[in-house]
Amino acid sequence: MGRADGSCDADRTTAAAARGSGPAMARGGPHAGGSEGMNRAGSGINTTMAAAVFHGDERITIERIPLPRVGEGEVLMRVGKTALCGSDFKLWHKGAEFTAGHEIFGRVEQPGHRLHDTRCCVYIPLHCGHCASCRRGDTQMCLETSCLIGWNRPGGYAEYVPVPESCLLPVPEDIEDRLAPLLLDTIGTSAHAVRFAGRVMPPNEAASVLVTGAGPVGLGVVLALQTLGYRNILISDPNDERLAIARSFGARPHPIDDTSRLFPLIVECSGAHAARNRGINVVLPGGAIVLVGENAAPWMITEDKVFRRKDFHMIRTFYFPKADLGPNIALLRAHRDCYERLVDAEFGLDALPDAFVRFARGEYVKPLLTMA
Ligand SMILES: [Zn+2]
Ligand SMILES: [Zn+2]
């Protein structure tokens, strides 16, 4: 998931430091491992770190950049694992102003801080905590800031990432490092979409559900649907390997272009305009279509008879409320074996440029960047 258009004025200084135009001051930062990382005074404090730089035109280089500045109310986190996400292709094509990577797990590295060494995932939407949305618990759509970590300020394809304390999601010890990033987009975004849809189309009113797109979010939606009581789950995707995973999760494959069957609930996870349009076609009168997938290109809806002459809910959901973490950890524990199947590649930072090429070819479902 992600959107790259949010504004984030409060964090411009942090971002500038990350790009090398400001002071790199990591409070109580890590100790240097070599002369390259030593500052001139030889104090043994790192001033630079390795990071992926997205230049655009599908070009990524691994470079040393200044350590990001840690702002007031923030901590420095040593990145452990960052999952690759299809939404990163936008930055792969166009280039990124800030270090990319938004499905981040790591440890707080802030000696003396009460959270030092805590294992955490990173909740990417910054949020004020006091606007109407935040007070309602909808921290993913704060009315005061629309800044996202890994999009509008530095993210996790690097050794370190600065994180506001309010964006730290502590991860229990029984959740392995390699599964922890799944708590974000794969489980968090998926489960929130299903929970939100359940307000208008609860399991007892949805005799069947169609999921379109069997990527990590679509597969996550299948597992969330089952846990929340939905049965008769069908899924469409052009990729047979992904369909095989979906089948093993209990969903039945459904032909992509089949418009003969109508559904009371459709969860659209591909972001493809054709899938969205087909979804509008095959949603039953009174039913609901949930748009979870994203697409940077403008989407045109033809207001034809099918669209005009039925009542239906067209729902958009984004990310997840912070308080969903507990139920989402329970989801991960309940389907641990299934989620494990999604993590199908792990590699270090130097291999990231090549891994993006393979990921774009559809060779991986949920690959992980693993920092040393
Ligand atoms: Zn993502
Ligand atoms: Zn707020």
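A residue counts as buried here when its relative accessible area is under 20%. By that rule C85 and H102 are both buried. The two residues belong to a metal site described below, in what is a predicted model.

The chain as a whole comes first. Its secondary structure amounts to 11 helices and 15 strands. There are 372 residues, and 55% of them count as buried. Among contacts with a separation of 6 or more, 67% are between residues 24 or more positions apart. The accessible surface is about 15,600 Å², and carbon and sulfur atoms hold 50% of that.

Two zinc ions can be followed in turn. Ligand 1 is a zinc ion coordinated by C85 through SG, H102 through NE2, E103 through OE and D185 through OD, at 2.0 to 2.3 Å. Along the chain these donors follow the spacing C-x16-H-E-x81-D. C85 sits in the loop between β3 (74-83) and α2 (89-94), while H102 sits in the loop between α2 and β4 (104-108), so the pair ties together parts that are 17 residues apart in sequence. The angles subtended by the 4 donor atoms run from 90 to 138 degrees, and the arrangement is therefore irregular. The step behind that label is the cut-off: four donors count as tetrahedral only if all angles lie between 85 and 135 degrees. The upper end of the range at this zinc ion is 138 degrees.

The zinc ion written as ligand 2 has sulfur donors from C128, C131, C134 and C142, each through SG, at 2.3 to 2.4 Å. The spacing of its donors along the chain is C-x2-C-x2-C-x7-C. Here the 4 donor atoms subtend angles of 103 to 117 degrees, which makes the arrangement tetrahedral. For reference, the ideal angle for four tetrahedral donors is 109.5 degrees. Of the cysteines in this site, C134 is buried, with a relative accessible area of 8%, and C142 counts as buried at 11%.

Next comes the nonpolar interior. In soluble globular proteins, nonpolar side chains tend to be buried together. The largest nonpolar core in this chain has 95 residues, and the members that touch the most others are F54, I149, Y157, L225, L265, L352 and F356. Helix α5, residues 216-227, gives the most to this core, with 7 residues. Apart from the largest core lies another, of 10 residues, including L210, F263, V282 and I289.

F356 is a useful residue to select in the viewer. Leaving aside neighbours within four places in sequence, F356 is in contact with F54, I60, L84, D88, F89, W92 and Y157. Several of these names return among the aromatic residues: ring pairs link F54, F89, W92, Y157, F356 and F359 into a cluster.

The structure holds 14 aromatic pairs. In one of them, F89 and W92, the ring centres are 5.7 Å apart and the planes meet at 55 degrees, so the pair is tilted. F89 and W92 are 3 residues apart in helix α2, and are therefore separated by about one helical turn. W92 is buried, at a relative accessible area of 4%. Another pair is F318 and Y319, whose ring centres lie 5.9 Å apart with planes at 35 degrees, so this pair is also tilted. F318 is buried, with a relative accessible area of 15%, and Y319 is buried, with a value of 0%.

Two loop residues complete the walk. H113 lies in the loop between β4 and β5 (119-122). Its relative accessibility is 18%, so H113 counts as buried. Setting aside neighbours within four places in sequence, H113 is in contact with V75 and E165. P202 is found in the loop between α4 (185-197) and β8 (209-212). With a relative accessible area of 22%, P202 is partly exposed. P202 and L228 are 26 residues apart along the chain, and their C-alpha atoms are separated by 9.1 Å.

Technical notes
Residues numbered from 1 in each chain as written. Chains lettered and ligands numbered in written order. Predicted model: local features only at pLDDT ≥ 70, side-chain atom pairs only at ≥ 80, totals over all residues. Heavy atoms only, no water. Helix = DSSP H or I, 4+ residues; strand = E, 2+ residues; numbered from the N terminus. Buried < 20%, exposed > 50% of the residue type's maximum accessible area, 1.4 Å probe, protein only. Contact = heavy atoms within 4.5 Å. Areas by Shrake-Rupley, 256 points an atom, 1.4 Å probe, with all protein chains shown as cover. Donors = N, O, S within 2.8 Å, 3.2 Å for Na, K, Ca; no water. Tetrahedral: all angles 85-135°; square planar, octahedral: opposite > 155°, others 65-115°. Core = buried A, V, L, I, M, F, W, Y, C linked by side-chain atoms within 4.5 Å. Phe/Tyr/Trp six-rings, centres within 6.5 Å; stacked < 30°, edge-to-face > 60°.
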